[in-house]
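Grab a pencil and keep the 3D view open. Each exercise below gives you a task and then walks you through the solution.

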Amino acid sequence: MRQPIPPSQQPMKWYVLNTENGTRERELRERIEQCPDVSEAYYPLTKRTKRLKNGETTTVTHPLIPSTVFVRCSLIPVRRYITDYTIPGSFILDSTRDYHSPMVIPDSDMREFRQLWDNYNEQILCLNNSYETFRNCDIVTINNGLFQGMRGKFKEIRHDYKLIVQVGTWTLALSNIQRYTLTVNCSRPKNTEQDMLFQLIDKCLSHLHALGHVDNAPALLRLILSTTSKEIRHADNADSSIRPILARHTDAQQSDLLTLSDNLLMRRKKVEYDTQIPSSPLRPFLTIHSGYDGDITTSVEVTHRDFTEIITREDITETFLVSEQTDKTREETNPYYAHVAVKHDDSTNLYTLLTNWTDFYSYYTTLDDKQKFHDKLLQYGSPLFHSILTATRPDGIRFRTLQLGGEEVTGISIEAEAPTPSVIRHLIDTSRQLCEEIIGNTHLLPWRRHLSTVWFRI
């Protein structure tokens, strides 16, 4: 049978005491410090400027977290001490546990909090909001300076960008964190209903591309979806124009078509599938399915009516945050396929290479003040995005609109005398770098959402 730990050998941990009966924090600290099983009692004080009735200002000192004292002690003997000596305070309970147990603050969290407080006490706010309030904010890590390695939520509060951290049940905000370099810690992307629809449409288009329908795949997909589920399941019952196409689909591919048909049928009251299926014969920049009938180890060429498509396999390694409560991350390497259009211009005798960012770029066209947005890109550390949008890159890479298969496609492009492998690689790498810049920048959250139309992340 396990023997209980003697009171004198109880481990020292940080707990939180709440004052009672109007007791001041200082009084509670002084009385609890007299207990031999308390190694330290601590409550942070902050200074704030207060305006008096006569218009003058004065500086007042008050606790950062009212009615609270942090105590490092052995729990059992201190509980007895509070009862025996009628100390006006009680342990705050941990609301996340099923049974009534005092809340414990890990030593690492307490060290981080005190380091934060000792150096920047005038720039820390204790927020009334719970930490859960900021669940949709970016999780960022400070990469340099005194607080290197500190992680929290990134949020603009009172026209200042702050790092939101949690200490026990309290939510604190550190001001002016823009002076540090920050890394966005991405959790595994949660595909929205719209994202999954994009992926499903692209998957069905890739089946048609693999069957050789590289130019008219969007039109064929619309035609197929206009048939009934019974006709999709039994190609012999379908219209003669699509019967040969359906007959070449495997059971798994027919299942994808049925799933897409059912999905769009449920959404038809809100949106017609004609607006969801892209018309461009060039698929988005990075997709999950190649659209090529066979394995792609490096790259392949696919011939279209008026351009050549280069499909390149890109094995992309991403680091995901496993849990917001821990520092654990997980790396995943997944295969994606980059699509590049190569078109020759007889008038200039140059080749134009382009990756499809049409839906992404359409958001940019809706901005009222583009110059203001350009200035913010430079201010917020997005030089690549800025240089591509403003066409100021020395290598000539910029957003350009190109006619492909009778459709206008806007994307990141470059002109060259010949579509050499090095030029293709440079365009793909630049497009990837822009994806990474958008994902890693805390100020580009709206653009990160639109990036789902360019990079169909798994």
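**Exercise 1. A pocket and its walls**

Which helices and strands each supply at least two residues of the lining of the second largest pocket?

Before you start, note that this is a predicted model, where local features need pLDDT of at least 70, side-chain atom pairs count only at pLDDT 80 or more, and totals for chains, interfaces and linings use all residues. Residues are numbered from 1 along each chain as its sequence is written, and side-chain values use heavy atoms, with hydrogens and water left out.

Step 1: get the terms straight. On a 1 Å grid over the protein atoms alone, a pocket is an open set of points where a 1.4 Å probe fits, with protein on both sides within 12 Å along at least five of seven lines; lining residues have an atom within 4 Å of a point. Helices (H or I, at least four residues) and strands (E, at least two) are DSSP runs, numbered from the N terminus.

Step 2: list the elements. They are α4 (193-210), α9 (358-365) and β20 (407-416). Of these, α4 gives the most to the lining, with 5 residues.

Step 3: add the volume. The second largest pocket comes to about 480 Å³, where a volume is the space filled by probe spheres set on the points, and points are joined across faces, edges and corners. It is lined by 24 residues, and the closest to its centre are Phe 198, Gln 276, Ile 277, Pro 278 and Asp 359.

Step 4: sort the lining by class. You should get 8 nonpolar, 9 polar and 7 charged residues. Here Ala, Val, Leu, Ile, Met, Phe, Trp, Tyr, Cys and Pro count as nonpolar, Asp, Glu, Lys and Arg as charged, and the others, Gly among them, as polar.

**Exercise 2. Rings meeting rings**

How far apart are the ring centres of Phe 360 and Trp 447, and why is the pair called tilted?

Step 1: know the rule. Rings of Phe, Tyr and Trp (its six-membered ring) pair if their centres lie within 6.5 Å; planes under 30 degrees apart count as stacked, over 60 as edge-to-face and the rest as tilted. A search of the whole structure finds 22 aromatic pairs.

Step 2: apply the rule. The centres of Phe 360 and Trp 447 are 5.2 Å apart and the planes sit at 50°, so this pair is tilted.

Step 3: find the partners along the chain. Phe 360 belongs to helix α9 and Trp 447 to helix α13 (residues 445-450), 87 residues apart, so to speak of distant parts of the chain is fair.

Step 4: check the burial. Buried means under 20% relative accessible area, exposed over 50%, and partly exposed in between (1.4 Å probe, protein chains only). Phe 360, at 1%, is buried, and Trp 447, at 4%, is buried too.

Step 5: try another pair. Tyr 364 and Phe 373 are also tilted, with 6.4 Å centre to centre and 55° between the planes. Both Tyr 364 and Phe 373 are buried.

Step 6: zoom out. These four rings belong to one aromatic cluster, which also includes Phe 285 and Trp 357.

**Exercise 3. Strands side by side**

Which strands pair with β5 (residues 68-73), and over how many bridges?

Step 1: recall that two strands pair if DSSP finds at least two bridges between them.

Step 2: take strand β1 (residues 13-19). It is antiparallel to β5, over 6 bridges, and Leu 17 stands opposite Val 69.

Step 3: take strand β2 (residues 38-42). It runs antiparallel to β5 too, with 4 bridges, and Ala 41 faces Val 71.

Step 4: look at the cover. In β5, 5 of the 6 residues are buried.

**Exercise 4. Two asparagines**

Is Asn 349 buried or exposed?

Step 1: locate Asn 349. Look in the loop between β17 (329-345) and β18 (350-356).

Step 2: read its accessibility. At 51%, Asn 349 counts as exposed.

Step 3: check the backbone. Asn 349 has a positive phi of about 60°, although it is not a glycine.

Step 4: repeat for Asn 176. This residue sits in the loop between β12 (170-174) and β13, has a positive phi of about 55°, and is partly exposed at 37%.
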